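User: Please take a close look at one part for me, the charged pairs. I'd like one connected account of where the partners sit and what surrounds them.

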Amino acid sequence: DLSIYRFSFDDSSNSHHTKLCHHPGLPTALAWGESIAAAGNDCKIVFYDRMGSQLQHFTYPYTEEKEFTCASFNPAGHSLVVGSWNKFRNFNYNTKQGKWEEGDVKHCPNLFAVTSLSWKADGSRLAVCGLCGSVDIFDACIRRYKYKGKFEFTYISPSQVIVKRLATGTRIVLKSQYATEIYKVNVYHDQYLVGHTETTLLIGDLVSCKLSEVSWPRGATHERFFFDNPQVCMVYHAGELTMIEYGRNEVLGQARTEHISSHLLSFRLSGDVDQPQADFSDVDDKRKKTIAYLIDRQTIRITDLVTGIPLATVH
């Protein structure tokens, strides 16, 4: 009856279903990413939200298109590929405008009907299967460029970048958890990643593969980054020092100081790699993350980074 149903499964393997929407044609191609996409023999591609309300639709003349046979979103859910006859269409989600935009059409002579579509786990490749048994692999990146001759940046979506070390071939995926566009990526000391979006800052360690994303002032520029501590990145901006622990998506702590030399700052974090024999078994957990810094040239402040409460002031 041209209805689309949504099935939900709980932990006990029980399932229940609800009617999502009534599609105008036979939905032979279904996929769920940022939105729910449905297409079929009516030459229409319709996007629905998770409650079944129609968001957008794209209609094509019968002289240009045949039946849509399959659809697949990339792992990030922001790119959709819909297969038909001797071609497949690409759609990209514009996060700034909150709508889907039609991309390029890839024509594949003698492919006939597209029977299956599958993405590589990192979203960098797309496999397309044809009716006669052919399997073609396509590069699905938005853009790719080399950084200082040592790294290769591959943008597989506006909010996701694959960083590859050319010397060893090792790779790490830098991804914004808020699906915001990453407009700048830098590598410091051949190890530490720094990425910027409009509202967040991404920090990563290529050795430990730990990534962090924290909220950051819109339009902030001229930051200074310090990577002296193997567990914490320090960012100095507008007279304030911000500490970001690798692998945690929240700011570890902040301090107002103009003295940012590594010789005038001291961290104590549980399990510091430079203190392998440190024993914190008899210390309260909240006392394991502290910082000592200069308020002025003659005053030392020791602060609990977990609670933000000053523990001592030494004159």
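Analyst: **Charged pairs and their surroundings**

The structure holds 13 salt bridges (Lys or Arg side-chain nitrogen within 4 Å of an Asp or Glu carboxyl oxygen). This is a predicted model, with local features needing pLDDT of at least 70, side-chain atom pairs pLDDT 80 or more, and totals for chains, interfaces and linings using all residues. Numbering runs from 1 along each chain as its sequence is written, and side-chain values use heavy atoms, without hydrogens or water.

Let's start with a pair that spans a good stretch of chain. Lys96 and Glu198 meet through their side chains in a salt bridge, at 3.8 Å from N to O. Lys96 belongs to the loop between E9 and strand E10 (99-107), while Glu198 belongs to the loop between strand E19 (192-196) and strand E20 (200-205), so this pair ties together parts 102 residues apart in sequence (strands are DSSP runs of at least two residues, numbered from the N terminus). Lys96 is exposed, at 61% relative accessible area, whereas Glu198, at 39%, is partly exposed (buried is under 20%, exposed over 50%, partly exposed in between, with a 1.4 Å probe on protein chains only).

Next comes Arg144, which turns up in two pairs. With Asp139 it forms a salt bridge whose closest N and O atoms are 3.0 Å apart. Glu152 also bridges to Arg144, and there the closest N and O atoms are 3.8 Å apart. As for how open these residues are, Arg144 is partly exposed at 35% relative accessibility, and Asp139 is partly exposed too, at 42%. Glu152, by contrast, counts as buried at 17%.

Then there's a network: salt bridges link Glu64, Glu65, Arg89 and Glu102. Glu102 is a handy member to zoom in on. You'll find Glu102 in strand E10, partly exposed at 38% relative accessibility. Setting aside neighbours within four places in sequence, Glu102 is in contact with Phe58, Tyr60, Arg89, Asn90 and Phe91 (heavy atoms within 4.5 Å). Ser134 is another story: 32 residues along the chain from Glu102, its C-alpha atom lies 26 Å from that of Glu102.

Two of those contacts of Glu102 lead further in. Arg89, a member of the network, also appears among the contacts of Val82. With neighbours within four places left out, Val82 touches Ala39, Ile45, Phe68, Cys70, Ala71, Phe88, Arg89, Phe91 and Leu117. Phe91 contacts Glu102 and is one of the residues with the most contacts inside the largest nonpolar core (buried Ala, Val, Leu, Ile, Met, Phe, Trp, Tyr and Cys joined through side-chain atoms within 4.5 Å). That core has 16 residues, and Ile45, Phe47, Phe73, Leu80, Val82 and Trp100 are also on its list of best-connected members. Strands E3 (29-32), E4 (36-39), E5 (44-48), E7 (70-73), E8 (79-83) and E9 (87-94) each give two or more residues to the core. Apart from it lies another core, with 15 residues, including Phe226, Met234, Tyr236 and Phe267.

So if you trace outwards from Val82, you reach Arg89 by contact, and from Arg89 the salt-bridge network takes in Glu64, Glu65 and Glu102.

Methods. Helix = DSSP H or I, 4+ residues; strand = E, 2+ residues; numbered from the N terminus.
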